[in-house]
Amino acid sequence: RSIQASYLLVSRRAVNTPTLRSIEDLADVFAAPYTGSLENLLGARLGARIAALAARELGRALIGTEIYLPQMGTRIIDWLRPIAAAILDIATEERDLYMEYWNSQAGEGSVILADIGYDGTIQSQLVKLTNRELGGAYFAAKRGMDQVHHKHGWGRARFFDERSEDTFESPVMEYHLMLEAILTSPAGQFSHFEHGPHGLHPVHFPNAVNAYQWSVIERIQAGAQQFIDDVCAVTGPDTVDLAFDSAHVQEPL
């Protein structure tokens with residue numbers, strides 16, 4: 001048996017803006033907890049262009065407002081209504097570019113989103129964007145993961161699943177911030193696509209890992225990959241049929 005796989009870029013930011021077809025769709029974007037300025041929220045979840053648009057049209061005082069989510073989600077949508085048309089124009093542009101990328105890479109094959117966890121937010125937004133049934137393979141799942149089932153998808157968790165009756169404390173949950181730090185890339189978080197001289201090219205947030213930190217992360221990632229390669233070298237085509245105790249791989253944590 002063999003599996004032919006290609007890999008697609010996605011992030012919360014990358015799907016949030018393209019999924020907007022009305023200003024009310026911002027309710028999903030503002031559902032996750034957040035504390036900070038409105039400007040930083042818009043930049044992180046919708047992108048620099050929308051943050052700059054809000055600053056220009058609504059004023060520095062408003063976008064400097066300290067906000068709390070999800071409590072203030074409805075209020076923020078009301079603040080943004082005067083610039084709804086401009087926001088949706090940006091959303092349409094980003095949607096067209098992402099779907100151009102998606103259609104060139106995903107084809108008609110099955111697509112599985114792989115992530116640490118926890119509520120399936122990116123997966124749910126990606127289903128809305130692509131109108132495709134998607135699977136989700138996660139380290140851990142919270143009860144919010146059920147949202148993916150309501151949007152014609154599925155989500156499985158390997159190490160911790162809050163939806164299960166026999167839930168136990170998991171190192172993956174206890175040390176999730178460390179896992180998120182080491183399962184990163186040197187380029188910074190993917191933001192969106194733009195057209196360049198050679199076609200579509202990805203734009204990343206300017207939060208790339210510095211050289212020293214990356215040298216440490218790279219050693220950890222290389223060790224994990226070597227472990228996987230060693231197992232697969234022994235087990236060969238039977239690898240996909242093996243069943244491991246999920247507690248064992250968590251012992252190093």
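Is glutamate 57 buried, partly exposed or exposed? Glutamate 57 comes out as partly exposed, with a relative accessible area of 48%. Bear in mind that this is a predicted model. A few notes on its salt bridges and on one helix pair follow.

1. Start with the partner of glutamate 57. Its side chain meets that of arginine 56 in a salt bridge, at 3.5 Å from N to O. Arginine 56 is exposed, with a relative accessible area of 59%. The cut-off for exposed is over 50%, so arginine 56 at 59% gets that label, while glutamate 57 at 48% is put down as partly exposed.

2. There is also a small network to look at. Glu24, Asp78 and Arg81 are joined into one by salt bridges that share partners. The count of salt bridges for the model comes to nine, and I only go through some of them here.

3. Next, have a look at aspartate 28 and lysine 128, whose side chains form a salt bridge with 2.8 Å from N to O. Aspartate 28 sits in helix H2 (residues 26–29) and lysine 128 in helix H8, so this pair ties together parts that are 100 residues apart in sequence. Both ends are labelled partly exposed: aspartate 28 has 35% relative accessibility, and lysine 128 has 27%.

4. Glutamate 39 and arginine 60 make another salt bridge, with their closest N and O atoms 3.0 Å apart. Here the link runs from helix H3 (residues 38–45), home of glutamate 39, to helix H5 (residues 60–63), which holds arginine 60, so parts 21 residues apart in sequence are tied together. Glutamate 39 counts as partly exposed at 26% relative accessibility, whereas arginine 60 counts as exposed at 55%.

5. Now for the helix pair. The axes of helix H7 (residues 84–105) and helix H8 (residues 121–130) come within 11 Å of each other and cross at roughly 90°. Crossing angles of 65 to 115 degrees count as roughly perpendicular, and that is why H7 is called roughly perpendicular to H8.

6. Which residues make that contact? On the H7 side they are Arg95, Tyr98, Met99 and Trp102, and on the H8 side Leu126, Leu129 and Thr130. Sorted by type, the residues of this contact split into five nonpolar, one polar and one charged. If you have the structure open, H8 is worth viewing from both angles: Leu126, Leu129 and Thr130 take part in the contact with H7, and lysine 128 of H8 pairs with aspartate 28 of H2.

Definitions and conventions. Residues numbered from 1 in each chain as written. Predicted model: local features only at pLDDT ≥ 70, side-chain atom pairs only at ≥ 80, totals over all residues. Heavy atoms only, no water. Axes fitted to C-alpha atoms, helices over the stretch in contact; angles between N-to-C directions. Helix = DSSP H or I, 4+ residues; strand = E, 2+ residues; numbered from the N terminus. Parallel < 35°, antiparallel > 145°, perpendicular 65-115°, else oblique. Contact = heavy atoms within 4.5 Å. Nonpolar A, V, L, I, M, F, W, Y, C, P; charged D, E, K, R; others polar. Salt bridge = Lys/Arg side-chain N within 4 Å of Asp/Glu carboxyl O. Buried < 20%, exposed > 50% of the residue type's maximum accessible area, 1.4 Å probe, protein only.
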